[in-house]
Amino acid sequence: MGTTERSKKRVQLWKKAAVHFALCFVMGFFTGFAPTFKPSIFSKPAVTTSNKVEFSPQPVEPPQQVSNVDRSLIAETENLTTAVSSPPWSEENHSETERRMSEDEEDEEKKPILTPRRFIIIVTPTSTKNPLKCVFLRRLANTIKLVPQPLLWIVVEGKTESNEVSEVLRKTGIMYRHLVFKENFTDTEAEMDHQRNVALKHIEQHKLSGIVHFAGLSNVYDLGFFDQLREIEVFGTWPMAILAANKKKVIIEGPVCDSSQVIGWHILRKMNNTDQTDETNRLRIHISSFAFNSSILWDPERWGRTSSLQSTSQNSMKFVKQVVLEDETKLKGIPPEDCSKIMLWSLH
């Protein structure tokens, strides 16, 4: 009996322990799924230590109805505010706007109109019999270097073993073309004409567009001369002074002008026989006393001349002189204000 009761008590203790364990397990299991941010009913409210004052939102009261008197006052106030913020268009504002527009138009008119400079082609022949040609070439280069661009300097030289002219041209810093010919001449004047023809053929072949001027090595220039040279449209001419070292006088060659209009010529060389006419003698004016538009060489029809006349002419210099002098009305004397002003000197 005793052993049986003892065994029953033990079984009951194990059952109570198992039930207690199961209950604890189930409670712990479901407690794990419960949200952690919700305070427990047993927890005490947290005590805040900050001194921050919190204001609760106040309820907004609905606007009260405005009486008729108040509405009229509000309307008058709104009209006054509109009148102050947007003033009416007055005559003073209109006149101020017109004045500003007129000032803008005057400023536009005062702005300078930029026009491109005309291209200048300077042709310089060099005699093979002149021992000082490189000295004169450097002096002329120092003058041309001061002329504003665009400018092209064409220097013609007879074929020699020396490259002194080439060295001088390379050191000038000027845009140049060095032309060399093989022919031999005994006459200096014939050699100079041939060199000018070589340069004109080069201009014609490459269609170089600009104002052509023949500058001798002995020429001395006023720099304002080149500015006047750029004003030539078709043909231009001017007087020049010839200075001789062994003569105490100055000889003037070139046109006689009334303002910019050519009315005559300074003729130095007298006619040798009665067969020569005044027109023939006129062709012997100084080569540095005129300039012309180069397009007459490669586009003669532009100036109202047939190309057949140019193709049959073997001497380009003679052709140019004929074109320049056949119609004096096309010639423009420079400077236009006073064509008698000397801006070019030739030293002999």
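A residue counts as buried here when its relative accessible area is under 20%. Keep that cut-off in hand as we walk through this predicted model, starting with a short strand.

Strand β4 covers residues 211–214. I211 and H213 point one way from β4, while V212 and F214 point the other way, and all of them are buried. This fits a general pattern: in a regular strand the side chains alternate between the two faces of the sheet. Now look at what flanks β4. Strand β1 (residues 120–125) runs parallel to β4, and 4 bridges join the two. With strand β10 (residues 290–293), β4 pairs in the antiparallel sense over 3 bridges. H213 is a handy landmark here, for I122 stands opposite H213, and H213 also stands opposite A291 in β10.

From β4 we can move to the packing of nonpolar side chains. In soluble globular proteins, such side chains tend to be buried together. The largest nonpolar core of this model has 30 residues, and I154, L200, I203 and F292 touch the most other members. Helix α11 (residues 316–325) gives the most to this core, with 6 residues. Of the 10 residues of α11, 8 are buried, so the helix is largely enclosed by the rest of the structure. Those buried residues include M317, F319, V320 and L325, and also K321 and S316.

I203 is worth a closer look. Leaving aside its neighbours within four places in sequence, I203 is in contact with I121, V123, I154, L208, V212, S294, L297 and W298. Apart from this core lies another, of 29 residues, among them L137, L169, F225 and L229.

F225 leads us on to the aromatic residues. The structure holds 7 aromatic pairs. One of them joins F225 and F226 edge-to-face, with 5.4 Å centre to centre and 80° between the planes. Both partners are buried: F225 has a relative accessible area of 2%, and F226 has 1%. The two also belong to one aromatic cluster together with Y221 and W238.

Next comes an open sheet of 5 strands. Their order is β5-β12-β7-β8-β9, and the pairing is mixed. β5 (219–221) and β9 (261–266) stand at the edges, each with a single partner strand, so one side of each is left without a neighbour in the sheet. From one strand to the next, the twist averages 20°. At the β9 edge, β8 and β9 pair in the antiparallel sense over 5 bridges, and P255 has W265 in β9 as its bridge partner. Toward the other edge, helix α4 (residues 133–144) lies across β5 and β12, running at about 20° to β5.

Strand β8 also brings us to the cysteines. The structure holds 1 disulfide, formed by C257 and C339 with their sulfur atoms 2.3 Å apart. C257 lies in β8 (residues 250–258) and C339 in the loop between β11 (331–333) and β12 (344–347), so the pair ties together parts that are 82 residues apart in sequence. C339 is buried, with a relative accessible area of 2%. Elsewhere, C134 is buried too, at 5%, whereas C24 counts as partly exposed at 41% relative accessibility.

Technical notes
Residues are numbered from 1 along each chain as its sequence is written. This is a predicted model: local features need pLDDT of at least 70, side-chain atom pairs count only at pLDDT 80 or more; totals for chains, interfaces and linings use all residues. Side-chain values use heavy atoms; hydrogens and water are left out. A nonpolar core is a set of buried Ala, Val, Leu, Ile, Met, Phe, Trp, Tyr and Cys residues joined through side-chain atoms within 4.5 Å. Buried means under 20% relative accessible area, exposed over 50%, partly exposed in between (1.4 Å probe, protein chains only). Contact means heavy atoms within 4.5 Å. A disulfide is a pair of cysteine sulfur atoms within 2.5 Å. Two strands pair if DSSP finds at least two bridges between them. Axes are lines fitted to C-alpha atoms, for helices over the stretch in contact, and angles run from 0 to 180 degrees between N-to-C directions. Rings of Phe, Tyr and Trp (its six-membered ring) pair if their centres lie within 6.5 Å; planes under 30 degrees apart count as stacked, over 60 as edge-to-face and the rest as tilted.
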